[in-house]
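This report describes the open and enclosed spaces of one protein model and the packing around them.

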Amino acid sequence: MSKKNKENNYQDYLRINDLLNLQNPLSEKSGMIAHEEMLFIITHQVYELWFKQILYELDSILTIFQNDYIVEKEMGVINSRILRIIEIQKILLDQITVLETMTPLDFLEFRDLLVPASGFQSVQFRLLEIKMGLKSSDRIFFEKQSYKNSLDSSQKKILSKAEKKPSLFDGVNNWLNRMPFLDFEGFKFWDSYQKAVSQSLQNQKNIFLKDSTISLQEKKQLEKEHNISYKNFIAIFDNKKHNVLVKNGKRRLSYKAMQASLLIFLYRDEPVLHLPFNLLTNLIDMEKYLTSWRHLHSQMALRMIGKKIGTGGSPGYSYLKTTLENQKIFSDFMDLTSYFLPRSKLPKLPRNFQKNLGFYYARLEDNK
Ligand code: HEM
């Protein structure tokens, strides 16, 4: 072994000594050792390490999204890194049960020593939310206090800086805005889809209107219900309505980005749309795991401290519960499912258009 290699050893490379010296239970210092505090500290530290890795992946993805044009190869990189984040998120969910081996009574042995420290002050968790695309205006405030109030000025600065930069949501929205297939090779997706929707809904109506086993009164009721769902469905074609929803914070995707997402979801079987479809699905999963973590964490808080206020001064469980319902980033993609038509009812893509959505070697085959 050369001298150089000898210097590279496990202990030093990974700074194991430093790492193992970072656990200093407060209960030990106070002379009343609470056995569970070590688990409490290590669990939080492991979370922070995983947050660091997630942020590392997110930053690299955001750098790619800064470009005006994203080549397919990079789309593969983005997808594989989001999948890595999702795998880490699954571990974050599993870790909760390890901490739950500590009973509420055990926790009480050292909980008061923690005040006012709280996960609420996790700068990395906030960065993770911001970089994914959580808007400040969607955050839950308690007692009209900003989530930044419990942080020092340098931490506030870091978060304010991150808030000003484009998030993953912004990157995806811009990329969807640039999608070329909405008006392509003579095929106008939006007009064709609107026709297909009207036709499909009219057919549905005709089926029950012509059914002789349904009474006139029942038909009237069905027609009423049908008109309501028709109105809801058709609302997606109203650009002005969409913009009002965006303005009121009820929707986030631009009108064009929403159309492009719908095209990707509906024609996901076309080869060129596989990667974009995977990206949208991965974003939905990423949000699902974030929401699942919020849910499990709120349940853990309820189990450990009941309805008491948190060490960070929030109303505790009731605050955490609200964040899981209201602090959403990619929910527009899930909402789009309401506007799907079955494959058999979709407008047929012109042959030339379809060829462009195929793989190159498939196009050569077609040309034979
Ligand atoms: C005994 C276990 C735990 C309890 C009882 C608990 C309780 C709470 C409570 C009540 C809050 C609301 C803020 C406050 O007033 O303090 C909170 C926030 C938070 N906790 Fe925990 N927590 C526990 C474990 C963890 C763990 C292991 C993590 C991992 C990093 C964590 C991360 C966070 C984060 C990031 C927030 C901010 C959430 C938000 O504002 O949406 N907590 N926790």
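## Cavities, pockets and packing

By class, 8 nonpolar and 1 polar residues line the largest cavity, with no charged residues among them. The model is predicted. The residues that line this largest cavity are F51, I54, Q89, L92, F125, L128, Y289, L290 and W293. Its volume is about 80 Å³. Helices α5, α6, α9 and α16 each contribute at least two residues to the lining of the largest cavity, and α16 gives the most, with 3 residues.

In total, the structure holds 2 cavities of 30 Å³ or more. The second largest cavity has about 30 Å³ of space. F120, R126, R139, I140, Y147, Y319 and Q327 form its lining, which divides into 4 nonpolar, 1 polar and 2 charged residues.

The open spaces are the pockets. The largest pocket has a volume of about 1300 Å³. It is lined by 47 residues, and F40, H44, S118, G119 and F120 are the closest to its centre. F120 is also one of the residues that line the second largest cavity. Six helices each supply at least two residues of the lining of the largest pocket: α5 (37–65), α6 (72–99), α8 (111–114), α9 (123–132), α16 (274–305) and α17 (317–326). The largest share, 9 residues, comes from α5. By class, the lining of the largest pocket has 23 nonpolar, 18 polar and 6 charged residues.

The second largest pocket holds about 460 Å³ of space. Of its 19 lining residues, I70, E72, W175, P180 and V272 are the closest to the centre. The elements that give two or more residues to this lining are α6 and α16, with the largest share, 3 residues, coming from α16.

The table sets out volume and lining class for each space.

| Space | Volume | Nonpolar | Polar | Charged |
|---|---|---|---|---|
| Largest pocket | about 1300 Å³ | 23 residues | 18 residues | 6 residues |
| Second largest pocket | about 460 Å³ | 15 residues | 1 residue | 3 residues |
| Largest cavity | about 80 Å³ | 8 residues | 1 residue | no residues |
| Second largest cavity | about 30 Å³ | 4 residues | 1 residue | 2 residues |

The packed interior comes next. In soluble globular proteins, nonpolar side chains tend to be buried together. Here the largest nonpolar core has 95 residues, and L168, F189, Y193, L283 and F333 have the most contacts inside it. α16 gives the most to this core, with 13 residues. Beyond its neighbours within four places in sequence, Y193 is in contact with F237, L262, L266, Y339, F340, L341, L346 and P347.

Helix α17 has buried residues Y317, Y319, L320, T323 and L324. Viewed down the axis of α17, these fall within an arc of 165 degrees, so they line one face of the helix. Among the elements that cover the buried residues of α17 are α9 and α16.

E129 belongs to helix α9. Is E129 buried or exposed? With a relative accessible area of 1%, E129 is buried, because the cut-off for that class is under 20%. Setting aside neighbours within four places in sequence, E129 is in contact with L134, R139, R294, Q327 and I329. Of these, R139 and Q327 also line the second largest cavity. E129 lies 161 residues from L290 in sequence, and the two are 9.2 Å apart in space, C-alpha to C-alpha. L290 is among the residues that line the largest cavity.

Conventions:
Residues numbered from 1 in each chain as written. Predicted model: local features only at pLDDT ≥ 70, side-chain atom pairs only at ≥ 80, totals over all residues. Heavy atoms only, no water. 1 Å grid on protein atoms, 1.4 Å probe; cavity = no way out; pocket = protein on both sides within 12 Å on 5 of 7 lines; lining within 4 Å. Points joined across faces, edges and corners; volume = space filled by probe spheres on them. Helix = DSSP H or I, 4+ residues; strand = E, 2+ residues; numbered from the N terminus. Nonpolar A, V, L, I, M, F, W, Y, C, P; charged D, E, K, R; others polar. Core = buried A, V, L, I, M, F, W, Y, C linked by side-chain atoms within 4.5 Å. Buried < 20%, exposed > 50% of the residue type's maximum accessible area, 1.4 Å probe, protein only. Contact = heavy atoms within 4.5 Å. Arc of directions from axis to C-beta.
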